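Subject: The structure I promised you

Hi,

Here is the structure we talked about, so open it up and keep it next to this email while you read. My notes on what turned up come right after it.

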Amino acid sequence: MAISDADMVIAWKNVLEQCNLRQGEQVAILLSDDSNMQIVSTARIAVSLLGAIVTLIQLPPINGEKALSRDKSGYVGKTPLAFNTAALAGLKAADLVIDTMQLLFSKEQEQILRTGTRMLLAVEPPETMLRMIPTPEAKARVLAANAFMEPAREMTVTSKAGTDFRCTLGQYPVLMQYGLADEPGRWDHWPSCMIARWPDEGSAEGTIVIDAGDILLPFKHYARERITLTVEAGRVTRIEGGVSAEYMKAFMDSFDDPEAYAMAHVGWGLEHRASWTTLGLYDREEALSMDSRCFAGNFLFSTGPNTEAGGSRDTPCHLDIPLRGCSLSLDGRPMTQDGKLVM
Ligand SMILES: [Fe+2]
């Protein structure tokens, strides 16, 4: 359902204040041809109302003919910034970048963040953004999860469907998402409420069973049958099952890149306002489905790149797969039990 511009401006003011936006700070709004113009225009008004200085930086889209869908989380290759030194300099000079074009997983994003610029991604439908507006309580839940994640050296995940997965932790930093870019050099995504980490290289192993009803992203559908993944030395080495397994394997193979099969971030959802059901109610191109990634108690694992964690694996193939009904422990201490938060 539509959201009024007034409500969006009020929400933006709230979120930008929580991002510690100060009078006189420089804000760059990054947009492209497929940006949601209500998000852009209401952000622009809110920035000005808070007394910050706003600049719009519009870049042409690229990769359209290479990607297999319009979902930008499913093809994470080069960005237009790779060739645009003027725009890159402008973004580095900003105190806060509001990204409405989705500049995920890129060298350029890392360079911008290293200058201390904070970045907030805002690409979900406005009604989803408003339903899951970042709050101090949600942030506190993510920080509480990090108190376990940061010192943890092993993650284990089991499920009644047959998942029996483990990896060691410590090589890569924790990815905490609570929807606020509130510190220098911090990236986040409104709406978000989840925690994740990349396994130590080569350490992920075991079996992951995607059960019927679990969500496959970026395909944006619910698995109709079980898919069994074998993980050895940090890589998915077998994908078995029926046509859903065949589809997943064919999608990954189409990138012709062995790095597509590496395990990427593993973690769990912490958002009680996010719902497993929402994906089924939207057309596929309408949303990234942060609901699916963040619903409380899921085990979210992914495959492909690790550039977001400071690694060098920049494969464009990226799957995010949230599972229900899993029990996730850190160093033997339960964080989720049968898909429910217990931390
Ligand atoms: Fe991901």
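Let's start with the second largest cavity: sorted by class, its lining has five charged, four nonpolar and three polar residues. Do bear in mind that this is a predicted model. The space inside this second largest cavity comes to about 100 Å³. If you want to find it on screen, select the residues that line it: Glu-124, Pro-125, Thr-128, Lys-220, Thr-278, Leu-279, Tyr-282, Asp-283, Arg-284, Ala-287, Ser-289 and Asp-291.

How many cavities of 30 Å³ or more are there in the whole structure? The search finds two. The largest cavity holds about 160 Å³ of space. It is lined by 17 residues, and the closest to its centre are Leu-104, Phe-105, Gln-177, Arg-293 and Asp-320. Three elements each give two or more residues to that lining: the strands β7 (174-177) and β8 (187-189), and the helix α8 (290-294). By class, the lining of the largest cavity has eight nonpolar residues, six polar ones and three charged ones.

Keep Asp-320 in view, as it comes up again at the metal. Which protein atoms are the donors of the iron ion? They are NE2 of His-265, NE2 of His-318, and two OD atoms of Asp-320, at 2.1 to 2.7 Å from the ion. Along the sequence, the donor residues follow the spacing H-x52-H-x1-D. The angles among the four donor atoms run from 51 to 129°, and the site is irregular. As for accessibility, both His-318 and Asp-320 are buried.

One last stop, at Pro-151. You'll find Pro-151 in the loop that runs between α6 (136-149) and β5 (154-159). Is Pro-151 buried, partly exposed or exposed? Its relative accessibility is 49%, so it counts as partly exposed; the cut-off for exposed is over 50%. Leaving out residues up to four places away in sequence, Pro-151 touches Asn-146 and Asp-331. For a sense of distance, try Leu-91 as well: it sits 60 residues from Pro-151 along the chain, and the C-alpha atoms of the two are 33 Å apart.

That's what I have for now. Have a look around and tell me what you think!

Cheers

Conventions:
Residues numbered from 1 in each chain as written. Predicted model: local features only at pLDDT ≥ 70, side-chain atom pairs only at ≥ 80, totals over all residues. Heavy atoms only, no water. 1 Å grid on protein atoms, 1.4 Å probe; cavity = no way out; pocket = protein on both sides within 12 Å on 5 of 7 lines; lining within 4 Å. Points joined across faces, edges and corners; volume = space filled by probe spheres on them. Helix = DSSP H or I, 4+ residues; strand = E, 2+ residues; numbered from the N terminus. Nonpolar A, V, L, I, M, F, W, Y, C, P; charged D, E, K, R; others polar. Buried < 20%, exposed > 50% of the residue type's maximum accessible area, 1.4 Å probe, protein only. Contact = heavy atoms within 4.5 Å. Donors = N, O, S within 2.8 Å, 3.2 Å for Na, K, Ca; no water. Tetrahedral: all angles 85-135°; square planar, octahedral: opposite > 155°, others 65-115°.
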